[in-house]
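This report looks at strand pairing and nonpolar packing in one protein model. Please keep the sequence and the structure at hand while reading.

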Amino acid sequence: MIEFEELDRNNTLVTKENLTNSIVSKPFILGPTSSLTYSVTYGMNNMTKGKEALGDNGEIHFRVEVLDANTNEVLGSFDEMKYSKMNLAKYSNIGYKVNAPGLLGKSIKLRLHADDNLEAKYVIVENMQTGTSLAKKTFKEVELKQNEVVTDYGLDQNYPNPFNPATTITYQLPQSGSVTLKIFDILGNEVKTLVNENKEMGKYTVQFDASSLASGMYVYQLRANDYTSTKKMLLLK
């Protein structure tokens, strides 16, 4: 059983930075005969208020990270979930076994990471359960998404393309910095801002929903530090 660090009961209202540093496990080591199983649940208590708070462009991202207990380096992540006005469904994952041979013998920690573009405030509530939610004979195996070293900027072609009405855009950053990812129509008019914030080094995937737009050719442009890349995509309804 993995133990988590004790929460500060005098500081329940926190920022996303404090939240990320609050819900973290104590260090543990996976040996040759060890297995890492987990459960995690994300969800909205009130769908109506959730839509109001997120608005048209608001997003909240959650993921579980695996850290090197000695350096706090992020070794990998799993169970990434993005909430937006278009996606407020409850997410529940119970009975999963992480397959991560590269972590054997290392002192590691688990951490809940939160991110948003809303300047949101978070509330930590301690809810202890004594049930046997993981008491299963079999588990579904999942691979730990271990971090890759990114050495170059990059903007991939959206997929699928042509698309209707949603498509996925992937980009990568070799260093942290200010990032914008915007959509333009063929005349150069901006129709949507997908990203406008500081990002750490790594690979990112963004979903673009064009339900409110007409069929036609569109352009998406990534700006990160001194790097700029532009690609075309086709919406067919």
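The text below takes up the nonpolar cores, then an open sheet, and then a hairpin.

The model is a predicted one. Its largest nonpolar core has 26 residues, and the members with the most contacts inside this core are Tyr42, Phe62, Val66, Ile108 and Tyr122. Four strands, namely β3, β4, β5 and β7, each supply at least two residues of the core; their residue ranges are set out in the table.

| Strand | Residues |
|---|---|
| β3 | 36–42 |
| β4 | 60–68 |
| β5 | 74–83 |
| β7 | 107–116 |

A second core, separate from the largest one, consists of 21 residues, among them Leu155, Phe163, Tyr204 and Phe208.

Leu155 also takes part in strand pairing, since its bridge partner in β12 is Tyr171. Strand β11, which spans residues 154–155, is joined by two bridges to β12, residues 166–173, and these two strands run antiparallel. Both belong to an open sheet of three strands in the order β11-β12-β15, where the pairing is antiparallel. The edge strands of this sheet are β11 and β15 (202–209), each of which pairs on one side only.

How many bridges connect β16 and β17? Strand β16, covering residues 216–224, and strand β17, covering residues 227–235, pair in the antiparallel sense over nine bridges, and within this pairing Leu222 has Ser229 of β17 as its bridge partner. The two strands form a hairpin with two residues between them, and Asn225, which lies in the turn, has a positive phi of about 55°.

Conventions
Residues numbered from 1 in each chain as written. Predicted model: local features only at pLDDT ≥ 70, side-chain atom pairs only at ≥ 80, totals over all residues. Heavy atoms only, no water. Pairing = 2+ DSSP bridges. Core = buried A, V, L, I, M, F, W, Y, C linked by side-chain atoms within 4.5 Å. Buried < 20%, exposed > 50% of the residue type's maximum accessible area, 1.4 Å probe, protein only.
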